[in-house]
Amino acid sequence: MTATSSVSRSRVRRRLSVTLLNEDGSRNPYGHPRHTGELWLRLPHAYWLEGHYKSLSFPGKTLLLIALSRPDGFYLPYDRASSWYGISADTAERGLRELREHGLLNVDVEWIKNPRSDDFYIEHRTYTLIGPFSKVSQDSAAKRGAGSPGATKEVD
């Protein structure tokens with residue numbers, strides 16, 4: 001059994017050419033999701049640098065990934081978590097609570113009239129990631145990190 005390499009090396013005249021390969025093992029050159037049309041998710045470096053990979057529990061990590069895939073001000077009623085994301089209402093509630101406790105999530109609460117409710121109002125919560133996980137921070141980091149678009153580098 002041989003391990004597959006994640007780069008391809010060749011010579012172009014007297015220079016070494018190194019090409020990053022696609023991670024699927026096809027040996028095709030890597031294509032950035034932005035250019036290939038694939039869906040992808042950005043996970044900020046703060047996830048590792050601030051220790052969230054150690055401090056967040058499974059529900060917290062799960063809801064962080066869900067929140068990163070959603071726009072600012074997303075709506076997630078606990079009772080819909082199972083049908084929308086395949087997780088229990090309890091997991092959704094614990095994960096959202098944990099993200100708030102870690103200072104990663106802002107919650108906006110609005111009371112909406114509902115004649116079917118005992119109190120004639122229902123609580124409508126919307127969620128927005130904050131800090132380095134916010135959409136503004138992610139977009140800013142992506143623009144700063146958007147260097148050369150090619151995946152091939154030449155080395156002397």
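1. Surface patch. In this predicted model, Val 109, Trp 111, Phe 120 and Tyr 121 make a nonpolar surface patch of about 450 Å². Phe 120 sits in the loop that runs between strand E4 (105-113) and strand E5 (121-129). For the protein as a whole, the accessible surface is about 11100 Å², and carbon and sulfur atoms account for 51% of that area.

2. Overall build. The protein contains 7 helices and 6 strands. Their order along the sequence is β-β-α-α-α-α-β-α-α-β-β-α-β. The chain has 156 residues, of which 27% count as buried. Taking the contacts with a separation of 6 or more, 51% are between residues 24 or more positions apart.

3. Confidence. The mean pLDDT of the protein is 84, with 84% of the residues at 70 or more. Among the elements, helix H6 (residues 89-101) has the highest mean pLDDT, 97, and strand E6 (residues 152-155) has the lowest, 42. The pLDDT is below 50 over residues 146-156, a stretch that nevertheless has 17 contacts in the model beyond near neighbours in sequence. Any reading of E6 should be set beside its mean pLDDT of 42.

4. Nonpolar core. Nonpolar side chains tend to be buried together in soluble globular proteins. Here the largest nonpolar core has 21 residues. Leu 63, Leu 64, Leu 99, Tyr 127, Leu 129 and Phe 133 have the most contacts inside this core. At least two core residues come from each of helix H2 (46-49), helix H4 (58-68), H6, E4 and E5. The element that gives the most is H4, with 5 residues.

5. Helix H4. How much of H4 is buried? The count is 8 of its 11 residues, so the helix is largely enclosed by the rest of the structure. The buried positions in H4 are Pro 59, Gly 60, Thr 62, Leu 63, Leu 64, Ile 66, Ala 67 and Leu 68. Two of these, Leu 63 and Leu 64, are also among the residues with the most contacts inside the core.

6. Leu 129. Which residues does Leu 129 touch, leaving aside its neighbours within four places in sequence? The contacts are Leu 64, Ala 67, Leu 68, Leu 104, Leu 105 and Ser 134. Among these partners, Leu 64, Ala 67 and Leu 68 are buried residues of H4. Leu 129 itself is one of the residues with the most contacts inside the largest nonpolar core.

7. Leu 41. This residue lies in the loop between H1 and H2. Is Leu 41 buried or partly exposed? Its relative accessible area is 38%, so Leu 41 counts as partly exposed. Beyond its neighbours within four places in sequence, Leu 41 is in contact with Leu 65, Leu 68 and Ser 69. Leu 41 and Ser 69 are 28 residues apart in sequence, while their C-alpha atoms are 6.7 Å apart in space.

8. Salt bridge between Asp 139 and Arg 42. The structure holds 2 salt bridges. In one of them, the side chains of Asp 139 and Arg 42 meet at 2.7 Å, N to O. This pair links distant parts of the chain, with Asp 139 in helix H7 and Arg 42 in the loop between helix H1 (33-36) and H2, 97 residues apart. Asp 139 is partly exposed at a relative accessible area of 38%. Arg 42 is partly exposed as well, at 28%.

9. Salt bridge between Glu 123 and Arg 125. The side chains of Glu 123 and Arg 125 also meet in a salt bridge, at 2.9 Å, N to O. Glu 123 has 35% relative accessibility and so counts as partly exposed. Arg 125, with a relative accessible area of 25%, is partly exposed.

10. Ser 137. Ser 137 belongs to helix H7 (residues 135-145). With a relative accessible area of 28%, Ser 137 is partly exposed. Its contacts, apart from neighbours within four places in sequence, are Gly 131 and Pro 132. The C-alpha atom of Ser 137 is 8.9 Å from that of Pro 44, a residue 93 positions away along the chain.

Technical notes. Residues numbered from 1 in each chain as written. Predicted model: local features only at pLDDT ≥ 70, side-chain atom pairs only at ≥ 80, totals over all residues. Heavy atoms only, no water. Patch = residues over 30% accessible without salt bridge, like charges linked within 9 Å, V, L, I, M, F, W, Y side chains within 5 Å. Areas by Shrake-Rupley, 256 points an atom, 1.4 Å probe, with all protein chains shown as cover. Salt bridge = Lys/Arg side-chain N within 4 Å of Asp/Glu carboxyl O. Helix = DSSP H or I, 4+ residues; strand = E, 2+ residues; numbered from the N terminus. Buried < 20%, exposed > 50% of the residue type's maximum accessible area, 1.4 Å probe, protein only. Contact = heavy atoms within 4.5 Å. pLDDT = per-residue confidence, 0-100. Core = buried A, V, L, I, M, F, W, Y, C linked by side-chain atoms within 4.5 Å.
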